[in-house]
Amino acid sequence: MSYSEAFNPPTAVQILGIGSMIAPNPNIEPEKAKGYEIGLKQRLSHWGNLELSCFDTNYDNLITSAKKDGIHNRFYNINKAKVKGCEAKLEMYATDWLMFYIAYTDMKRTDENNKTRLLGQPDKILQYGISVNDLYCFSADLSALRLSEYRNLGSYVKQLGEYHPSNKTTLVNFKTLYKFETRNYLIIETYLEVNNLTNKTYYEGSTPTLIEKRNYQGGVNFRFKF
């Protein structure tokens, strides 16, 4: 069991706005959170690992956004809000270097002042994939992310409908890395990432923003061990 407290000040964009895109709100307050989590982590012999947890977090002045005058976005505070839910994760080890995993989160967000549901974020999150870990200095990960029960903020329902454009859409990413260590303790890591592997049209965020279709990132890292 764990207990935590957090403090999140508003950003300059949330206070000052951005031109005609985001309306300013100089009165926005810092966000504060207090919550606890109860969990269980259990090794399943030599072939797996299981994690279960439940959480409950209370917010003061939760920062969110909505359309102002039907055109501009504007950030504001919700005086009292609550987020609670459960998470589960299962890892299965086929070999010392090959792992399959699946994780699921189910949560509920509410405005405690009027007991209404908070929208603009997914209530259910499913992640799964396969990983190769340090096989002759080679590592890789193929992962999928699926968001559901993802309802739009009220101000977007008229234009986009009840559900977020990415509701029940699966986003697939791939990354790979090769590590080489020299005798003088220089570590060279080359990596490649392929984002949105299936080249789907995909939106992120409560103010739905179109992300790139399939794109690539790569590079080389150099590190020294002392």
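The following exchange goes through how several labels were assigned in this predicted model.

Student: Why is the pair K80 and D60 called a salt bridge?

Tutor: The closest N and O atoms of K80 and D60 are 2.6 Å apart. The cut-off is 4 Å between a side-chain nitrogen of Lys or Arg and a carboxyl oxygen of Asp or Glu, so the pair qualifies. By this rule the count comes to 12 salt bridges.

Student: What makes K80 and D60 a link between separate parts of the chain?

Tutor: K80 belongs to strand β5 (residues 72–93) and D60 to strand β4 (residues 48–68), so the bridge ties together parts that are 20 residues apart in sequence.

Student: Are K80 and D60 buried, exposed or partly exposed, and how do you know?

Tutor: K80 has a relative accessible area of 38%, and D60 has one of 28%. Buried means under 20% and exposed means over 50%, so values in between are called partly exposed. K80 is therefore partly exposed, and D60 is partly exposed as well.

Student: How do you know that K89 and E91 form a salt bridge?

Tutor: Their N to O distance is 3.3 Å. That falls within 4 Å, so the term applies.

Student: What burial class does each of K89 and E91 get, and why?

Tutor: The relative accessible area of E91 is 12%, and the limit for buried is under 20%, so E91 is buried. K89 has 31%, which lies between 20% and 50%, so K89 is partly exposed.

Student: Why does the pair R109 and D123 count as a salt bridge?

Tutor: The closest N and O atoms of R109 and D123 are 3.7 Å apart. Because the rule asks for within 4 Å, the pair is accepted. The pair links distant parts of the chain, with R109 in strand β6 (residues 98–111) and D123 in strand β8 (residues 122–135), 14 residues apart.

Student: What makes D123 buried?

Tutor: D123 has a relative accessible area of 5%. This is under 20%, so D123 is buried. R109 is buried too.

Student: Which residues does D123 touch, leaving out those up to four places away in sequence?

Tutor: D123 touches T105, D106, M107, R109, R117, S148 and E149. A network of salt bridges links R109, R117, D123, E149, R151 and E162.

Student: How do you know that I38 is open enough to be part of a surface patch?

Tutor: I38, in strand β3 (residues 31–44), has a relative accessible area of 46%. Patch residues need over 30%, so I38 passes that test. M1, Y3, Y36 and I38 make a nonpolar surface patch of about 500 Å². With 46%, I38 is still classed as partly exposed, because exposed requires over 50%.

Student: Why is the pair E37 and S53 called a polar contact?

Tutor: The side chains of E37 and S53 come to 3.1 Å. The limit for N or O atoms is 3.5 Å, so the distance satisfies the rule. The two residues are 16 residues apart in sequence, and their C-alpha atoms are 6.7 Å apart.

Student: Where is E37, and what else is it in contact with?

Tutor: E37 lies in strand β3. Beyond its neighbours within four places in sequence, the contacts of E37 are M1, S2, S53, C54, F55 and E87. E37 has a relative accessible area of 30% and is partly exposed.

Student: What makes β5 and β6 a pair of strands?

Tutor: β5 and β6 share 13 bridges in the antiparallel sense. At least two bridges are needed, so the two strands pair. In this pairing A81 stands opposite D111 in β6. The two strands form a hairpin with 4 residues between them.

Student: How do you know that strand β2 and β5 also pair?

Tutor: Strand β2 (residues 22–23) and β5 have 2 bridges, in the parallel sense. The requirement is at least two, so this pairing is accepted. A23 stands opposite R74 in β5.

Student: Why is N196 called buried and D134 partly exposed?

Tutor: N196 has 1% relative accessibility, under 20%, so N196 is buried. D134 has 46%, between 20% and 50%, so D134 is partly exposed. N196 is found in the loop between β11 (186–195) and β12 (203–204), whereas D134 is in strand β8. Phi is near 55 degrees for D134, and phi of N196 is also near 55 degrees.

Conventions
Residues are numbered from 1 along each chain as its sequence is written. This is a predicted model: local features need pLDDT of at least 70, side-chain atom pairs count only at pLDDT 80 or more; totals for chains, interfaces and linings use all residues. Side-chain values use heavy atoms; hydrogens and water are left out. Buried means under 20% relative accessible area, exposed over 50%, partly exposed in between (1.4 Å probe, protein chains only). Patches are made of residues with over 30% relative accessible area and no salt bridge: like charges are joined within 9 Å, nonpolar side chains (Val, Leu, Ile, Met, Phe, Trp, Tyr) within 5 Å. Accessible areas come from the Shrake-Rupley method with a 1.4 Å probe; for residues, only the protein chains shown count as cover. Contact means heavy atoms within 4.5 Å. A polar contact is a pair of N or O atoms within 3.5 Å; within protein, one must be able to donate a hydrogen and the other to accept it, and residues adjacent in sequence count only if both atoms are side-chain atoms.
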